[in-house]
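The following dialogue is a short tutorial on reading a structural model. A learner asks how particular features are to be read, and a teacher replies.

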Amino acid sequence: MDGSERIDIGGVSVPCGHLIGGRRVGSPDGYEVITPIDGSPLGHIPAGGPAEAAAAVAAATATFPAWAALGPDGRGEILDRFADAIGERMADFQRVDTHDHGALAAGRPHHGMPRTAWNVKFFSDRARGLHHDTIDGDVVDNSVRYDPSGVSALIVPWNAPLMLGTWKIGPALAAGNTVVVKPPEFAPFSLSLLGEVAQEAGLPDGVLNVLHGTGASAGDALVRDPRVSRISFTGSPATARVIGAAAAANLTPVSFELGGKSPFVICADADLASAARTVAVQFMNAGQVCLAGTRLLVEESIVDELLPLVLAAVDELVVGDPRRPETRVGPLIHPSHFAKVQGLVERAVADGARVLCGGGPHPDGGLYFQPTILADVDQRSEIVQTEVFGPVLTLQTWRTEDELISLANDTIYGLAATLFSGDADRAERISSQLVAGTVWVNCFYVRDLAAPFGGSRASGIGREGGTWSFDFFCDVKNIATRRGTFAS
Ligand code: NAD
């Protein structure tokens, strides 16, 4: 592949090459990407390796001084145009997302500006106010600066590449860093298109580079490059361990957003109808959502009342082609992932789990799996302890809050938790004891970009969002000036 290739995805023309220093570049080899809609080939992407990774980092390194020198206001003008351009192309991005990872055509939440564009605009605005922190000490005046740190390597998974990619690209660029982003191999096209939209919006060449390829080749070479000053990774804990080891050689700071096995707690005093509807929401993106509350922990006294409401809400979910407006549960990403999900469910059932709904592949075939809820599961079992990353929930009950807390916190993860209760004191008491980066109370999936986001334990290192993103991407510097040494 020479890098100039384009493919048509649902009527949108998408560039396939790497974007390095403003030019589309190829690789000697490429690989085929399929669409999970029907498993058919979507197109080819160049399989980048050490040479392309080195070239992308070189381009980002060369452009860094000029980009950093623009300052937050200069960069902000360009980034605002970039955010607007993303917003204008949202329908195109949506079509690409639907084909390359099965995102619902009808499903993307909009909070005013589409979230992908808002990821850029929010941090561009925030960066403009960053350089003014002062702390008056006894002897000195402290002036805190957020200096750009250099080249950021950004690595994202396939379940929401554009949203998760811009969640890193936005703050990294606003901070004054230049970027090499590596799209996921199963779903590389929306970030490939994003590179072109950035160019059209006037982002200088080399500020945003897109490096395609597998994690083991392109990704590995990128994170090992000593010129990289920050690594921000979203994906599985297993990959994070490999990246962490590579980063250790250069003492490169890492930010990790990893997997989850989050509890969804329903108390007897909750609004059960609302809780049941929110349980059904856990099947969005076919359950391929890190934050999903996959372990239903229901107060025993209301389980018989709640269960019919939950099953009715799940029954309404239409499974099928994500292009259809009525669809609520689309496909799993790839045959290999489908086999993993199916294997976990089959082993759980063989171990004695009771199928409350679903339980296997959808009768229409393809990569579609039925929304599944399993009861009679042991806390130590594989299905309770392992992230399935598919449309599969387990149901357990509890009698006392102590029992609840011990069940809820008994996995290696700590990404999120969802809690439904009608009692504010109880909600506060339980929330404060849950190990989780985010606890949603009587809601789910609401994300304020100013709030910290991340996971505890095996769910991550560090927090993104608000100032936390800048704390990571910047070299935070304190200038401590002795009082009275300058004429005022
Ligand atoms: P993954 O870890 O297999 O891959 C993620 C990315 O890392 C891909 O782009 C891949 O190419 C790259 N990669 C793989 N090996 C690499 C290496 N050695 N060096 C550098 N890069 C490498 O994860 P996945 O299967 O794509 O995504 C699913 C996982 O992501 C789940 O565990 C899910 O919970 C997690 N996730 C977490 C969040 C969050 O915000 N916490 C969000 C979405 C997904």
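**Reading burial, domains and pockets**

A: G287 is buried, because its relative accessible area is 3% and buried means under 20%. This is a predicted model, and local features are read only where pLDDT is at least 70.

Q: Where does G287 lie, and which residues does G287 touch, not counting residues up to four places away in sequence?

A: G287 belongs to the loop between α9 (272-281) and β17 (293-299). With residues up to four places away in sequence left out, G287 touches Q282, F389, G390 and P391. A separation along the chain may also be set beside a separation in space: G287 and P331 are 44 residues apart in sequence, and their C-alpha atoms are 9.7 Å apart.

Q: How should the domain layout be read, and which domains does the assignment of the chain give?

A: The bounds come from an automatic or database domain assignment. That assignment gives domain 1 (6-258 + 455-478) and domain 2 (263-441). Their C-alpha centres lie 30 Å apart. As for contact between them, 23 residues of domain 1 meet 31 residues of domain 2.

Q: Where does the second largest pocket lie with respect to the domains?

A: The origin of the lining residues settles the matter. Domain 1 and domain 2 both give residues to the lining of the second largest pocket, so this pocket lies between them. It holds about 770 Å³ of space.

Q: How many residues line the second largest pocket, and which elements supply at least two of them each?

A: The lining consists of 35 residues, and P157, F233, G235, S236 and T239 lie nearest the centre of the pocket. The elements that each supply at least two lining residues are α7 (215-224), β14 (228-234), α8 (237-250) and α11 (335-350). Of the elements, α8 gives the most, with six residues. By class, the lining has 18 nonpolar, 10 polar and seven charged residues.

Q: Is P157 buried or exposed, and where is its place in the chain?

A: P157 counts as buried because its relative accessible area is 16%. Its place is in the loop between β11 (151-155) and α5. Leaving aside neighbours within four places in sequence, P157 is in contact with L164, P184, T234 and G235. G235 is also among the residues nearest the centre of the second largest pocket. By contrast with these contacts, the C-alpha atoms of P157 and A246 are 19 Å apart, with their positions 89 residues apart in sequence as the stated separation.

Q: How is the length of a helix checked, and what span should α5 have?

A: The number of residues is compared with the distance between the end C-alpha atoms. Helix α5 (residues 161-175) has 15 residues and should span 21 Å at 1.5 Å a residue; its end C-alpha atoms are 21 Å apart, which agrees. As to burial, 15 of the 15 residues of α5 are buried, so that the helix is mostly covered. Just after α5, G176 takes a positive phi of about 105°.

Q: How should a positive phi be read, and which residues other than glycine have one near 55°?

A: Most residues other than glycine have a negative phi. In this model, L251 has a positive phi near 55°, and D376 likewise has a positive phi near 55°. L251 is found in the loop between α8 and β15 (254-257), and at 74% relative accessibility L251 counts as exposed. D376 sits in the loop between β19 (372-375) and α12 (382-385); its relative accessible area of 49% makes D376 partly exposed.

Q: In which helix does G215 lie, and which residues does G215 touch beyond those up to four places away in sequence?

A: G215 lies in helix α7, one of the elements that supply at least two residues to the lining of the second largest pocket. At 31% relative accessibility, G215 counts as partly exposed. Beyond residues up to four places away in sequence, G215 touches K182, E185 and D220. The C-alpha atoms of G215 and T239 are separated by 8.7 Å, and the two residues are 24 apart along the chain.

Q: How many cavities of 30 Å³ or more are counted, and which residues are closest to the centre of the largest cavity?

A: The count comes to three cavities of 30 Å³ or more. The largest cavity contains about 70 Å³ of space. It is lined by 13 residues, of which G260, T294, E387, V388 and F389 are the closest to its centre. This lining has six nonpolar, five polar and two charged residues. F389 is also one of the residues that G287 touches.

How values were computed: Residues are numbered from 1 along each chain as its sequence is written. This is a predicted model: local features need pLDDT of at least 70, side-chain atom pairs count only at pLDDT 80 or more; totals for chains, interfaces and linings use all residues. Side-chain values use heavy atoms; hydrogens and water are left out. On a 1 Å grid over the protein atoms alone, a cavity is a set of points where a 1.4 Å probe fits but cannot get out, and a pocket is an open set with protein on both sides within 12 Å along at least five of seven lines; lining residues have an atom within 4 Å of a point. Grid points are joined across faces, edges and corners, and a volume is the space filled by probe spheres set on the points. Ala, Val, Leu, Ile, Met, Phe, Trp, Tyr, Cys and Pro count as nonpolar, Asp, Glu, Lys and Arg as charged, and the others, Gly among them, as polar. The expected span of a helix is 1.5 Å times one less than its number of residues. Buried means under 20% relative accessible area, exposed over 50%, partly exposed in between (1.4 Å probe, protein chains only). Contact means heavy atoms within 4.5 Å.
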